[in-house]
Amino acid sequence: EIEPKWFHDIHDIPLDEMFADDSLWLTKLLTHYNDNASAVGEKSRVPHPSNEFSFNAWFHFHPGGTQTNSIMHHFIQITNTSSTLS
């Protein structure tokens, strides 16, 4: 399957070695999270209630599965769901 590995820079992630949908959802998710963490002035990337969000996505691949690894249609929606701390 996969061997987990940490990347300090989003541009170093080997997206060309992953499924086609990974280059779409993973970069969008990481960019959104990073932008929101920066907006609230967080130095660490530890999840905080002030930058919680929901992620909804679907991907429709061309016939052929992993052999073609090609997406026909996709949908990605990220919605901020920030909560207030008591």
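1. A helix, as the word is used in this note, is a DSSP run of H or I with at least four residues. Ser23 belongs to such an element, helix H1. The model under discussion is a predicted one. Ser23 has a relative accessible area of 31% and is therefore partly exposed, since that class lies between the limits of 20% and 50%. The C-alpha atom of Ser23 is 9.3 Å from that of Ile13, a residue 10 positions away along the chain.

2. Concerning the overall architecture, the protein contains one helix and two strands. Read from the N terminus, the order of these elements is α-β-β. Helix H1 covers residues 20–39, while strand S1 spans 53–61 and strand S2 spans 71–80.

3. Concerning burial and surface, the protein has 86 residues, of which 16% are buried. The exposed area of the protein is about 6,700 Å², and 56% of this area is supplied by carbon and sulfur atoms. When contacts between residues at least 6 apart in sequence are considered, 43% of them join residues at least 24 apart.

4. The aromatic residues deserve a separate point. A pair of aromatic rings is described by two quantities, the distance of the centres and the angle of the planes. With centres required to lie within 6.5 Å, the count comes to two aromatic pairs. One of them is formed by Trp58 and Phe75, whose ring centres are 6.5 Å apart and whose planes meet at 20 degrees, so this pair is stacked. The relevant cut-off for stacking is an angle under 30 degrees. Because Trp58 lies in strand S1 and Phe75 in strand S2, the pair ties together parts of the protein that are 17 residues apart in sequence.

5. Are the two partners of this pair buried or exposed? Trp58 counts as partly exposed, given its relative accessibility of 44%. Phe75 is likewise partly exposed, with a relative accessible area of 32%.

6. The loop between strand S1 and strand S2 holds Asn69. The phi angle of Asn69 is positive, at about 45 degrees, although this residue is not a glycine. Asn69 has a relative accessibility of 26% and so counts as partly exposed.

7. Glu52 is located in the loop between helix H1 and strand S1. Its relative accessible area is 37%, which means that Glu52 is partly exposed. Which distance separates Glu52 from Tyr33 in space, C-alpha to C-alpha? The value is 8.6 Å, for two residues that are 19 apart in sequence.

8. The final point concerns the largest pocket, which has a volume of about 920 Å³. The lining of this pocket consists of 23 residues, and those closest to the pocket centre are Lys5, Phe7, Ile13, Leu26 and Leu30. By class, the lining comprises 13 nonpolar, three polar and seven charged residues. Ile13 thus appears twice in this note: as one of the lining residues closest to the centre of the largest pocket, and as the residue whose C-alpha atom is separated from that of Ser23 by 9.3 Å.

Note on methods: Residues numbered from 1 in each chain as written. Predicted model: local features only at pLDDT ≥ 70, side-chain atom pairs only at ≥ 80, totals over all residues. Heavy atoms only, no water. Buried < 20%, exposed > 50% of the residue type's maximum accessible area, 1.4 Å probe, protein only. Contact = heavy atoms within 4.5 Å. Areas by Shrake-Rupley, 256 points an atom, 1.4 Å probe, with all protein chains shown as cover. Phe/Tyr/Trp six-rings, centres within 6.5 Å; stacked < 30°, edge-to-face > 60°. 1 Å grid on protein atoms, 1.4 Å probe; cavity = no way out; pocket = protein on both sides within 12 Å on 5 of 7 lines; lining within 4 Å. Points joined across faces, edges and corners; volume = space filled by probe spheres on them. Nonpolar A, V, L, I, M, F, W, Y, C, P; charged D, E, K, R; others polar.
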